[in-house]
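Visitor: I should like to understand how the terms used for a protein model are justified. Could we take them in turn?

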Amino acid sequence: MEYAVLGDSGIKISRLCVGCMSFGDPASNFHAWTLNAEESEKIIHHALELGINFFDTANVYSAGTSEEYLGRALKKMVPRDRVVIATKVYFNEGKLSRQAILREIDGSLKRLGTDYVDLYIIHRFDYETPIEETMETLHSLVQAGKVRALGASAMYGYQFYEMQLVAEKHGWTKFVSMQNHYNLLYREDERELIPICKKQNVALTPYSPLAAGRLARPEWKADSKRSQTDKIAVSKYDATKDQDYPIVLRVQELAEKYGATMTHIALAWLFAKGVTAPIIGATKREHFDDAVGAFNLKLTAEDIAYLEEPYVPHKVVGAL
C-alpha cells in the first residue's frame, strides 16, 4: 500500500479509499446492491489487511446504515486513531445551513460511534445558504474537535474557489480535499476545478474512478446486481457510450500489453494525473486486491496520450 498526506491537513491516508456507499441495509431502498452488516464487515476487514486506512461514507447512504455498519466494524477491528473516517452533509433537510450542519454532524457521529470524524465533506454546493454561514459553521466543528479537516465534493470550479476565498478572508478552516467525478470517461473537471485544487494543494479523491465498472471490463454492461440495478450509473455513462467505448477498448489493449488488468490501467492513469486517493466502491474482496495492483504499474507519456486521445467533451455530470 502507498500512503500520502491529505492536502495540508497532516492526515496520513492510504492512496486507495474504501467507498462505503456499497454498505448498508438493502431494505432502506437506497440501492438494491448494498451489502448487509456481515458482508460489509468482511470487506472492511480485508481492506484493513491490505493496509487501507481511509473510509468514505455519508449521512444519506442507505438511510444512515452505511455509517452504522462502518462504525461498528472498525470499532471491532482497529484502534480509532489508526483509521481515517470521512462522511458528508448536504442531501438532507436544510442542506448546508448552520442548523442542518450542526444537526447532521451529531447524527453521523452517533451512527459511527465516534467522537470525531477525520474529514467532513460537503456533498454538493448549496445555492440557498450564504457561503459565510456554511464556512463559519464548518469551522466551528473543527474548533469543537468534532472534525479534523474539511473536504468538498462535486461542484463547479468557481464555487469551490469562492468558498476557499471566504474561509481565507475570515481566518476559517479551508478545504483540504475534493471528491469529484473523474475518470478516463469523464474529464470535464480538468478545465477548471482540478487546476484550482492543484494550485491550492487540495487532495484529489475522485469518486467513480472506474466509471461504475465500465473501465474494468471490456463489456460495457455486466451481469452483476449493481450493473443491472444502478440507475445512477446508467444516467452518468450510457448516453455517451458510442463516444466512450473506444476508450474502454484502449484500456483493454494496454492491459494486455502490460500483462495487467484494466483496473490497473484506469487507476494508474489517475495516479499519473495527480490523484491522491480514488474512492473504490467494492462489493467483493477481490476488487480491492485488483485495485492494489495499480501501484506496480507506471504508464508512459505515450500511454497516457493514447488513452486520452479519443475523449470528447461531455455534459457536466456531478455538479448541480
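Guide: The answers below set values against definitions.

This is a predicted model, in which local features need pLDDT of at least 70 and side-chain atom pairs count only at pLDDT 80 or more, while totals for chains, interfaces and linings use all residues. Residues are numbered from 1 along each chain as its sequence is written, and side-chain values use heavy atoms, with hydrogens and water left out.

Visitor: How do you know that C197 is not bonded to C17?

Guide: A disulfide is defined here as a pair of cysteine sulfur atoms within 2.5 Å. The closest cysteine sulfur to that of C197 belongs to C17 and is 16 Å away, which is too far for a bond. A search of the whole structure finds 0 disulfides. C20 is likewise in no disulfide, the nearest cysteine sulfur being that of C17, at 7.0 Å.

Visitor: Why is C20 called buried?

Guide: A residue is buried under 20% relative accessible area, exposed over 50%, and partly exposed in between (1.4 Å probe, protein chains only). C20 has 0% relative accessibility, so C20 counts as buried. C197 is also buried, with a relative accessible area of 0%.

Visitor: What makes helix α10 largely enclosed by the rest of the structure?

Guide: Helices (H or I, at least four residues) and strands (E, at least two) are DSSP runs, numbered from the N terminus. Helix α10 covers residues 262-272, and 10 of its 11 residues are buried, so the helix is largely enclosed. Among the buried residues are H264, W269 and F271. What covers the buried residues of α10 includes α9 (241-258) and α12 (301-308).

Visitor: Why is the pair of F30 and Y61 called tilted?

Guide: Rings of Phe, Tyr and Trp (its six-membered ring) pair if their centres lie within 6.5 Å; planes under 30 degrees apart count as stacked, over 60 as edge-to-face and the rest as tilted. The centres of F30 and Y61 are 5.8 Å apart and their planes stand at 40°, so this pair is tilted. F30, at 29% relative accessibility, is partly exposed, whereas Y61, at 8%, is buried.

Visitor: What makes the pair of W220 and Y245 edge-to-face?

Guide: Their ring centres are 6.2 Å apart and their planes are at 75°, so the pair is edge-to-face. The pair links distant parts of the chain, 25 residues apart, with Y245 in helix α9.

Visitor: How do you know that R250 lies over the face of Y306?

Guide: A charge sits over a ring if NZ of Lys or CZ of Arg is within 6 Å of the ring centre and within 35 degrees of the ring normal. R250 lies over the face of Y306, at 4.2 Å from the ring centre.

Key
Contact = heavy atoms within 4.5 Å.
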